[in-house]
Each structure stands twice: as C-alpha cells, then as structure tokens.
Amino acid sequence: MKNKSGSMKEKMVSQEHDTERTINKKDNKAKNEVLTYIRDYRVMTNLKYRLITNILIPVLAIFTSMLIACSKTIWTWIGVIVIVYDFYMMCEVVQDYFCFGCMCKKNAFGMHFLKTGFNGVRYFENAVLVDILIRPLRIGITVLIASIPFIKLGVNIWSIFDIIMISSIVSVGSLNIFRYMDLGMYIYLLALIVIFPAIAGSIAVLIYGGTLKFIAPLLAVALVCVIAATYYHMVVRIRRSYVDV
C-alpha cells in the first residue's frame, strides 16, 4: 500500500511539473512572439523616426498644453488648443510618409529588399501591425497627459476618451490613403482635409460627449474595426505586389 501511495504521489508531482513546463513554454513562446513583432518593427523603422514620432512630438504637444493651461482666457484656450491639436494630428498623419512611405503601392521604390528576403512579407506584416497598434497607444498617452490640467478645471473625462478614439481612428484610417501615395506634395494637401474630421469630431464631443456617454463604446468598436480593416487591406496589397503582371 505504501508503495502504491508513493507511486501515486510521484505521478501527481510529475504531472504538476509537466503542467508547469507546458505553461512556461507557452509563456516563453508568447514573449518570443511579442519580441519578434517589436524586433521587426525596429528593423522596418529607423531610430530617428521612432524618437520623433513616439517621444519628441508628443512631448512638445504635452508641454504646449501645460503652457495653455496657465492662461485664464477661455478664447486663448480654444484658439491655441485647436492650433496645437491641428499640428499634432498633421504630424500623426504625415509622419508615416518619412518611414513607410508608399510601401503598400505596387512596385513601390524600396520594396525589392523585402522581396529578396526569405521572410520579407512576414517582417512587413509584423511591423505594420505594431505600427498600427502603437498609434492609438501614443495618441492616448499624449492626449490624456496633455488634458490633465483641463480635466482638473472641469473638462469631462468621457470627452477626453472620445477625442482619443476619434484621433486614433483618423490616424489609423489615413494609412489607407497615404501609404499608397508617393508624392509628398499631395500628401500634405490631403492631410489638411483628412484631419478636419478629427478637429470637428473633437469639438463636437467636447460639447456633447459628457451627456451622450454611449458615444464612447461606439467609437471604441469603430477603432477596432478600422485597425482590423487597415491591417487586412495592407497585408492583401503587399502580398499582391509580389505578383508581377
């Protein structure tokens, strides 16, 4: 009996160890996949691009908002905030041109190095996905920190959330236009038109967002749909570009 109970305990211990090993393997695999996505994003983007887009421009926007909050004039708030937000969204839309450019366009310049690589498509898909996911995160952190002084002064937190969602939708959705263009002049002109919905939508939610709280979940669902559609669209286009017609 003692031998049987001892063997049962040993089996239970071994099963527990096997379960722990399986869980650890899954965790390590998930971590490796995340690191792979980040690595591919870093390969496709240069250090200057990441520093300017993810640090410099957000810091400037936050610093400017802090200065605006020091003013006691409501019209100064409105005017300068619109100008700063307009500039920030312009950077969000246009900055992509200086890294990914027109890489989704068929036979785009610079795509040959992907096509000569064994896993070129996978590298591109991973980098595109990380870039798309970073945009809402970057906008969310920037707008939330920049809005802290105004939240303390009475601005509704739901309105800030709505602004983040609208800005993210415009930033990600604009990729479906600008990542297929190779003329910088037209990109700047179209950017002025594209950012108008972000500005108009942000002003609207500041006025009505606090009372219409159902707008927030609708915008969140819309952002998820835009992210999925944009990623799928780019993956399809880049795979088709491998087929010479």
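**Entry 1: a pair in α5**

I started with D131 and R135, which are four residues apart in helix α5, so about one helical turn separates them. I am working on a predicted model, and I keep that in mind throughout. The side chains of D131 and R135 meet in a salt bridge, with 3.3 Å from N to O. I then saw that D131 and R135 belong to something wider: salt bridges with shared partners join E92, D96, D131, R135 and R138 into one network.

I checked how covered this pair is. D131 has 1% relative accessibility, so I noted D131 as buried. R135 comes out at 0%, so R135 is buried too.

**Entry 2: following E92**

Next I asked which residues E92 bridges to. One partner is R135, where the closest N and O atoms are 3.7 Å apart. This pair connects distant parts of the chain: E92 sits in helix α3 (residues 74-94) and R135 in helix α5 (residues 120-146), 43 residues apart.

The other bridge I looked up goes from E92 to R138, with 2.8 Å between the closest N and O atoms. Here again distant parts of the chain are linked, from E92 in helix α3 to R138 in helix α5, 46 residues apart.

Are E92 and R138 buried or exposed? E92 has a relative accessible area of 2%, and the cut-off for buried is under 20%, so E92 is buried. R138 is at 7% relative accessibility, so R138 counts as buried as well.

For the record, I searched the whole structure for salt bridges and found four.

**Entry 3: a serine beside R135**

I went back to R135 to see what else touches its side chain. The side chain of S171 makes a polar contact with the side chain of R135, at 2.8 Å. S171 lies in helix α7 (residues 157-173). With 0% relative accessibility, S171 counts as buried.

**Entry 4: the nonpolar patch**

Then I moved to the surface. I177, M185, Y186, L189, L190, L192 and I193 make a nonpolar surface patch of about 680 Å². Which helix gives the largest share of the nonpolar patch? Helix α9 (residues 184-208) does, with six residues.

I picked out L192, which is in helix α9. L192 has 49% relative accessibility; exposed needs over 50%, so L192 is classed as partly exposed.

**Entry 5: the record and the spans**

I opened the UniProt record for comparison. Its unreviewed entry places the feature "transmembrane region" at residues 49-68, 74-91, 132-151, 157-178, 185-208 and 214-232. I looked at two of these spans in the model.

Residues 132-151 are 95% helix and 0% strand, and the end C-alpha atoms of this span lie 28 Å apart. Residues 185-208 are 100% helix and 0% strand, with end C-alpha atoms 36 Å apart.

**Entry 6: cysteines**

Last, I asked how many disulfides the structure holds. I found zero. I looked up two cysteines all the same. C91 has 13% relative accessibility, so C91 counts as buried. C225, at 48%, counts as partly exposed.

**Closing note to self**

The item I would reopen in the viewer is R135: this buried arginine bridges to D131 and to E92, and has the contact with S171.

Note on methods:
Residues numbered from 1 in each chain as written. Predicted model: local features only at pLDDT ≥ 70, side-chain atom pairs only at ≥ 80, totals over all residues. Heavy atoms only, no water. Disulfide = S-S within 2.5 Å. Buried < 20%, exposed > 50% of the residue type's maximum accessible area, 1.4 Å probe, protein only. UniProt positions renumbered as here; feature names shortened; annotations may be inferred. Helix = DSSP H or I, 4+ residues; strand = E, 2+ residues; numbered from the N terminus. Patch = residues over 30% accessible without salt bridge, like charges linked within 9 Å, V, L, I, M, F, W, Y side chains within 5 Å. Areas by Shrake-Rupley, 256 points an atom, 1.4 Å probe, with all protein chains shown as cover. Polar contact = N/O pair within 3.5 Å; in protein donor to acceptor, adjacent residues only side chain to side chain.
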